[in-house]
Amino acid sequence: MSVQKVLEELEKNKGLQSNIIARFRLPQRKGSYESIPDFLDERLKGLLKKKNIDRVYSHQAQALEMVQAGRDIVVVTPTASGKTLCYNLPVLNSILKNQEVRALYLFPTKALAQDQVAELIRWSEDLGGWIKTYTYDGDTPAEVRRSIRMAGSIVVTNPDMLHSGILPHHTKWMRLFENLEYVVIDELHTYRGVFGSHVANVLRRLHRICEFYGSQPRIICTSATIANPGQHGEKLTGRDMVVIDENGSPQGPRELIFYNPPVVNAALGIRRSSLLEAQKLAKEFIKAGVQTIVFARSRLQTEILITYLRRIFNKVGQEGEKIRGYRGGYLPRQRREIERDLRQGKIKGVVSTNALELGIDIGTLSGAILTGYPGTIASTWQQVGRAGRGSSLSIAVIVASSSPLDQFIINNPSYFLERATESALINPDNLVILISHIKCAAFELPFQEGEEFGAHPLEEILEYLTEKNILRKVQDRWFWMSEQYPADDISLRSASADNFVIIDKTKNARVIGEVDRFSAQMLIHEGAIYIHESKQYHIDRLDYDQEKAYAREVEVDYYTDANMAVDLKVLDVFASDKREQVNRAYGEVMVAARATVYKKIKFYSHENVGWGDINLPQEEMHTLAYWLSLPACRVQGKDKDLIQSALMGTANLLQNIAPLELMCDPGDIRVLAQVKSPFTGEPTIYLYERYPGGVGFSEKLFDCHDRLLQQVKQVLRDCSCPRGCPSCVGPMEEVGEKGKDNALWFLQEVMDSGA
Amino acid sequence: MELKERLARIEDMNRPTQVVDRKSPLEEILPGQEVKNPLGSCFVVTSSFPVGYKHGFYSLQDISPVCPQAMSFLTGKELQKPLHLHHAVFLDTETTGLGSGAGTYVFMVGLGFFAGHSFTLKQYLMRDYDEEPSFLYQLLQELKGVETLITFNGRAFDWPLLNTRFTMARMTQAVPKMENIDLLSLARKFWRGWLTSCSLNSLENNILGFKRANDIPGAEIPQRYFDYLQTKDGKLLEDIFSHNVFDILSMVVLLSHLYSLGRAEAGEIICPWENFALGKLHEARNNYEKARSFLEKAYMLAGKSSLATKIMKQLGALYKRIGEWEKAEKIWLAVVAKEESVSTFEELAKLYEHRKKDLESAKYAARRGLSICLQKGYSAMDRAEDFEYRLARLERKLKKRRTASFNS
Ligand SMILES: [Zn+2]
């Protein structure tokens with residue numbers, strides 16, 4: 001009813017109406033149900049009955065059946081479709097039938113793990129209380145750890161803890177590994193890029209340990225909608241996966257609105273802030289009585305929104321307390337409280353960061369407002385899915401920012417609706433990552449001749465480590481021959497072992513993060529703004545020799561961007577394709593980079609508001625790159641500056657648009673434009689991966705080359721600026737006054753025919 | 001590109017390979033030999049010491065009158081299996097690292113035991129990784145029938161690590177259940193706080209009167225063993241064997257010393273820390289009179305050191321326990337004169353309220369306690385509430401008393 005009121009208001013209000021680019025009515029979907037499978041234990045059936053569950057969704061039934069048949073599965077689940085039952089039912093069922101059965105649950109973050117345990121404990125209590133569920137993470141007190149090892153039926157942890165706390169000490173976890181029947185991997189789609197590549201190796205290690213103890217657990221994964229759930233699951237777990245993606249949960253009709261804030265400065269490509277527009281919309285929604293969640297991009301934005309909305313509601317006599325924030329870092333108890341107040345209608349509006357996107361369950365509301373495009377189609381659907389309660393009408397609005405990617409999505413709603421979402425990419429055989437885990441694995445159990453671990457010839461790697469006196473081969477086995485504790489040196493969240501740590505000196509000195517050596521000069525040079533968990537930190541000092549950066553928490557309205565003097569050498573071409581109008585290839589490259597200066601760039605407007613020098617030594621990195629070049633004959637007679645500008649503009653666009661295919665941040669890839677590349681001899685744009693060894697982006701870009709260029713061209717054409725702006729080709733200082741025309745010319749050339 | 005080349009770029013850590021001109025076989029360096037068993041072989045060095053052998057201030061035989069009661073007294077709990085020296089083994093391992101985890105190996109185990117009129121030491125060595133099963137098998141043979149394992153930090157380190165090795169070798173079924181007496185935890189009862197470190201080395205220097213000659217520092221042992229693996233030069237292990245001998249002999253005399261402390265009377269000991277520890281041990285076993293004499297002696301010896309307050313609190317608690325209220329009050333007042341002690345104010349408040357019925361003094365003590373809690377903030381909230389509750393009750397009582405006296 002009230003959603004209808006909001007829709008009418010949007011019709012009437014000219015100021016809002018004119019910014020709506022497109023609206024869609026996503027139809028109602030009927031639920032598809034099946035009866036509760038017979039093979040479930042009577043106690044579990046009884047409990048379901050008590051919870052008023054007399055049937056299950058078809059996808060849940062299918063999951064239960066497949067697991068019962070001994071298969072490994074990936075359940076692709078939209079928000080609020082009852083995914084936890086897909087793993088909790090089989091696991092509890094097995095434990096009820098055999099007390100000794102153990103299960104290991106992996107969640108990407110601690111907060112999610114704690115939520116899950118709270119739910120499992122409620123189930124267990126209803127089943128008599130003897131099924132013990134524990135979280136095992138860095139906060140688990142030493143005295144509880146022992147009982148978890150011995151008596152935990154279900155151990156809930158994160159991949160980092162499995163990597164450094166459990167696997168290297170597997171003998172202490174004998175009971176768990178001997179009886180391990182299930183490994184549950186929730187939020188599968190978050191294990192991508194470098195993190196996913198590490199986790200795939202952690203799972204390879206887990207399989208080795210299970211084999212040693214004679215268990216072969218089934219694997220149950222759940223994932224948000226991604227293009228390649230099966231393939232991704234298989235790459236991550238090393239098992240054949242059954243994909244269950246026919247969602248059987250019901251869904252009310254939903255109005256999806258694409259909203260583009262008006263242009264305020266066409267030349268600079270500046271639109272009105274998406275934050276302000278989101279505030280405006282949220283006010284209308286909440287006033288009309290639509291319980292609404294607003295997703296902000298950062299903690300800072302969250303705070304601004306809360307303050308603003310509270311002020312408005314205090315003014316009109318309603319209590320500002322009806323607006324609540326909800327973000328990562330809240331204790332489970334605080335979250336329960338917010339959930340309860342939402343259900344009881346005490347809270348009218350929630351402002352959240354992405355924390356909620358990661359499956360933390362506060363139920364659903366009637367309205368969702370997304371401040372900016374969340375970066376991937378997958379997470380956009382997750383956030384949109386927060387609106388939609390029961391069978392009644394709900395509403396979701398995507399408010400675009402001025403970034404090229406946002407502008408592409410908002411101007412091409414059909415792309416968003418029709419495309420199957422992105423693929424999650426990992427490269428578990430990235431040598432840097434692989435060799436780290438081979439060391440960990442050798443520490444955990446000696447390698448035996450004939451064993452396999454990853455795609456590279458294992459024996460060659462083991463022989464190499466033997467030559468380096470890290471392993472010792474005796475007869476047919478390789479043993480760990482070092483005092484080092486290899487897992488300690490490896491962080492799953494970054495690629496190389498050689499990391500810089502960032503120390504927050506705001507209160508007590510504590511380590512807040514680390515970055516690899518190559519990224520250090522880009523991200524944590526003195527004066528840089530480093531962002532961690534949506535907080536901003538100013539880097540006060542970088543001790544390059546000690547590999548430490550000292551930071552202080554700040555709140556500023558700009559970010560920093562380092563200019564790099566980059567040299568790139570192609571070492572190996574993995575694949576190439578020569579056409580009349582364009583050459584494309586991908587392969588291994590060596591990048592030598594030195595940060596020279598950095599710019600301070602204002603949020604939203606992308607204005608340059610200051611700069612500083614960076615004095616750091618040159619760093620080298622071996623990684624993967626994709627590149628495209630225009631045959632030299634086609635640029636004869638063209639002005640060098642024109643080519644330079646065209647390449648730069650296109651490269652900027654490519655960097656921003658590539659995440660459409662890659663499910664990564666624009667910062668995960670870097671671009672380099674060379675008017676005459678020493679390797680190709682032609683005007684060339686390189687896109688190289690930021691992590692040593694690469695995680696597979698380059699190959700994907702090579703494969704979707706044509707589509708990528710089309711998207712880039714689309715963005716350029718759609719941009720309302722006359723000559724080029726930061727929302728398309730980049731700032732004028734970089735690409736000159738005719739950046740847009742030049743880039744269009746270049747794209748015309750490379751796409752001339754056949755593309 | 002070659003995989004090896006690519007690896008070289010990633011993994012440039014290079015640990016040098018040891019080169020030696022002449023390899024000395026183990027047998028040439030050490031009086032030992034190979035032992036064979038169904039799982040293979042390993043190396044053992046056996047040595048024997050007459051019980052009169054002197055190691056620092058003590059000789060090995062000083063330990064001989066150890067009786068089960070004395071051990072229970074020192075450990076502060078009834079032992080599952082009473083200590084009989086002839087069914088006990090002193091155990092110390094040498095390992096490839098200080099951390100736990102499945103990749104840390106035990107490559108040497110020294111076992112010391114009394115047999116007849118001598119003390120025998122058997123040191124088993126795993127000469128390479130493939131000897132681990134036979135090495136562990138041999139160890140289990142030796143442990144058959146052993147009732148007590150005596151270690152130094154073995155509870156936290158050696159024994160869990162050996163258990164990890166047994167698990168890796170799938171031998172856990174054969175591991176005997178033994179009582180473990182860990183000398184480090186006993187030593188800490190006496191000397192933590194006095195000595196900056198309770199390491200075996202520090203105890204040797206400060207307590208046992210023993211000085212090691214040409215010892216290899218523990219931290220260098222793993223690398224030394226790795227060098228041996230590569231060169232098979234027995235000379236490299238000589239120091240490790242003697243290091244292990246020192247460790248075990250020191251454990252024997254440390255036990256002697258602890259035992260002599262356990263038998264001592266209050267007048268015999270001049271160290272306040274040792275008197276204090278003994279006082280606490282006696283109190284734990286409900287020997288209040290003995291506890292009192294040790295603690296009073298400790299108090300007398302402690303002077304104005306930081307230890308004094310600790311002793312005073314302990315004494316206060318003891319006086320309370322045995323009903324010496326005057327003495328308790330006096331010593332608690334002395335404590336709060338030196339230190340803002342919440343628990344002591346609590347004791348005083350209870351004493352005045354319930355024993356001496358001196359409500360004004362009780363109120364004063366409770367107020368002081370409360371104000372300290374409030375200064376401490378959040379962490380002391382529970383105790384602050386207790387004081388508030390007590391104060392409210394005292395107020396009620398005072399009021400009642402006032403009314404009563406007014407009426408009378
Ligand atoms: Zn533009």
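**Figure 1. Contacts of Ile95(A) in the predicted model.** Leaving aside neighbours within four places in sequence, Ile95(A) is in contact with Val101(A), Trp130(A), Ile131(A), Ser153(A) and Ile154(A). Ile95(A) belongs to helix H5 of chain A, which spans residues 83-97. With a relative accessibility of 0%, Ile95(A) counts as buried, the cut-off for this class being under 20%. One of the contact partners, Ser153(A), lies 58 residues from Ile95(A) along the chain, and the C-alpha atoms of these two residues are separated by 7.6 Å.

**Figure 2. The zinc ion and its protein donors in chain A.** The SG atoms of Cys719(A), Cys721(A), Cys725(A) and Cys728(A) are the protein donors, at 2.2 to 2.4 Å from the zinc ion. Their spacing in sequence follows the pattern C-x1-C-x3-C-x2-C. The four donor atoms subtend angles of 100 to 117 degrees around the zinc ion, and the arrangement is therefore tetrahedral. For four tetrahedral donors the ideal angle at a metal is 109.5 degrees. Two of the donor residues are shown with their burial: Cys719(A) is buried at a relative accessible area of 15%, and Cys728(A) is buried at 1%.

**Figure 3. Helix H6 of chain B and the residue Gly193(B).** Helix H6(B) covers residues 183-191, and its buried residues are Leu183(B), Leu184(B), Leu186(B), Ala187(B), Phe190(B) and Trp191(B). Viewed down the axis of H6(B), the buried residues fall within an arc of 160 degrees, so they line one face of the helix. In an α-helix there are 3.6 residues a turn, so residues three or four places apart point the same way. Just after H6(B), Gly193(B) has a positive phi of about 90 degrees.

Note on methods. Residues numbered from 1 in each chain as written. Chains lettered and ligands numbered in written order. Predicted model: local features only at pLDDT ≥ 70, side-chain atom pairs only at ≥ 80, totals over all residues. Heavy atoms only, no water. Buried < 20%, exposed > 50% of the residue type's maximum accessible area, 1.4 Å probe, protein only. Helix = DSSP H or I, 4+ residues; strand = E, 2+ residues; numbered from the N terminus. Arc of directions from axis to C-beta. Donors = N, O, S within 2.8 Å, 3.2 Å for Na, K, Ca; no water. Tetrahedral: all angles 85-135°; square planar, octahedral: opposite > 155°, others 65-115°. Contact = heavy atoms within 4.5 Å.
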